Amino acid sequence: MYFKFHLFGLFAFLFLSCTESNNEINQSANAFEISIINTDVNHPVADTLIEIIELDSGAPDLFLTHKLYNVPSDLPKSFSSRTDRDVLITNIYQPNDTNYRFKRVIGYDPAWRVNQYSLYPCIISSTGGYNYYVYYNEIGQVSEIKDSFVQILSRGFRYEFDYFENGNLKEIREFGNYSIGGKPSRTIQINSSS
């Protein structure tokens, strides 16, 4: 009986110590609740997906939402440059293991920020392309990204962004070709859950 009591005590100690270390891990990470609201007319019923993500540092940004949810669908590598200012740069890009060649264009404004980024197929192809213009709010955050409707193969996406007072991303509204009545086809809302 004495042995069983010590064995039970040992298991209880191990369980509690594991639980405490898990709580310490959860407290050190930044947890965010992300809601993805899909109202695209191609889906018969609007649906909402809610998930919790934990980040070691910082908060979700445009590059993370692009990686996780493909919203925005296309992004430049960065929205600023240390070397390029008030210039339009064009180069030819050929993905590995393909015969397709693309023209990549990126433009910078006088404040060293990306104001246009494009990818065009060099020949007519089904791969399409895009030609986005970037707009900033008064404090230099990306407020809108809009695909040019001039380009024939353009997908026609437009994205609007809202931020919390602390500068963290709050909401992304995606307007696609099938957005009806000025309503977004998809909305991503971000809230801190810690």
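The following exchange asks how the descriptions of this predicted model are justified.

Me: What makes up the secondary structure of the protein, and in which order do the elements run?
Reply: The protein has two helices and 10 strands. Starting at the N terminus, the order is α-β-β-α-β-β-β-β-β-β-β-β.

Me: How are the strands arranged in the sheet?
Reply: The sheet is open, contains 10 strands and pairs in the antiparallel sense, in the order β2-β1-β10-β9-β8-β7-β6-β5-β4-β3. On average, neighbouring strands of this sheet are turned by 15° against each other, direction ignored.

Me: Why are β2 and β3 said to stand at the edges?
Reply: Each of them, β2 (47-55) and β3, has a single partner strand, so one side of each is left without a neighbour in the sheet.

Me: How do you know that β4 and β5 pair?
Reply: Two strands count as paired if at least two bridges are found between them. β4 and β5 have seven bridges and run antiparallel; therefore they qualify as a pair under that cut-off. One position in this pairing is Ile-106, which stands opposite Tyr-117 in β5. The two strands form a hairpin with five residues between them, and Trp-112 in the turn has a positive phi of about 70°.

Me: What makes β5 and β6 a pair as well?
Reply: The cut-off is again at least two bridges, and four bridges join β5 to β6 (residues 130-136) in the antiparallel sense. The strands therefore meet the requirement. Leu-119 stands opposite Tyr-130 in β6, and the bridge partner of Tyr-117 in β6 is Tyr-132. Tyr-117 thus has a place in both pairings, since Ile-106 stands opposite this residue too.

Me: How do you know that β6 pairs with β7, and what is found in their hairpin?
Reply: Five bridges link β6 and β7 (residues 142-147) in the antiparallel sense, against a requirement of at least two. Within this pairing, Val-134 stands opposite Ile-145 in β7. The hairpin has five residues between the strands, and Gly-140 takes a positive phi near 90°.

Me: Which bridges support the pairing of β9 with β10?
Reply: Four bridges join β9 (residues 169-175) to β10 (residues 186-192), and the strands run antiparallel. In β10, Gln-189 is the bridge partner of Glu-171.

Me: Why is β6 called largely enclosed?
Reply: A residue is buried when its relative accessible area is under 20%. Five of the seven residues of β6 are buried, so the strand is largely enclosed by the rest of the structure. β5 is mostly covered, with six of its eight residues buried. For the protein of 194 residues, the buried share is 36%.

Me: Why is Gln-94 called partly exposed?
Reply: Partly exposed lies between the limits of under 20% for buried and over 50% for exposed. Gln-94 has a relative accessible area of 43%, so the term partly exposed applies. Its place is in the loop between β3 and β4. Not counting residues up to four places away in sequence, Gln-94 touches Asn-99, Tyr-100 and Arg-101. The C-alpha atoms of Gln-94 and Pro-121 are separated by 9.7 Å, with these positions 27 residues apart along the chain.

Me: Across which strands does helix α2 lie?
Reply: Helix α2 (residues 62-69) lies across β1 (30-38), β2, β7, β8 (158-163), β9 and β10, and runs at about 120° to β2.

Me: What lines the largest pocket?
Reply: The volume of the largest pocket is about 310 Å³. Of its 16 lining residues, the closest to the centre are Leu-75, Pro-76, Lys-77, Arg-104 and Ile-106. The elements giving two or more residues to the lining are β3 (87-93), β4 (102-108) and β5 (114-121), and the largest share, four residues, comes from β4. By class, the lining divides into eight nonpolar, five polar and three charged residues.

Me: What makes up the lining of the second largest pocket?
Reply: This pocket holds about 170 Å³ of space. Its lining has seven nonpolar, four polar and one charged residues. Among them are Asp-61, Phe-63, Tyr-136, Gly-140 and Asn-168. Gly counts as polar, so Gly-140 belongs to the polar class.

Technical notes: Residues numbered from 1 in each chain as written. Predicted model: local features only at pLDDT ≥ 70, side-chain atom pairs only at ≥ 80, totals over all residues. Heavy atoms only, no water. 1 Å grid on protein atoms, 1.4 Å probe; cavity = no way out; pocket = protein on both sides within 12 Å on 5 of 7 lines; lining within 4 Å. Points joined across faces, edges and corners; volume = space filled by probe spheres on them. Buried < 20%, exposed > 50% of the residue type's maximum accessible area, 1.4 Å probe, protein only. Contact = heavy atoms within 4.5 Å. Axes fitted to C-alpha atoms, helices over the stretch in contact; angles between N-to-C directions.
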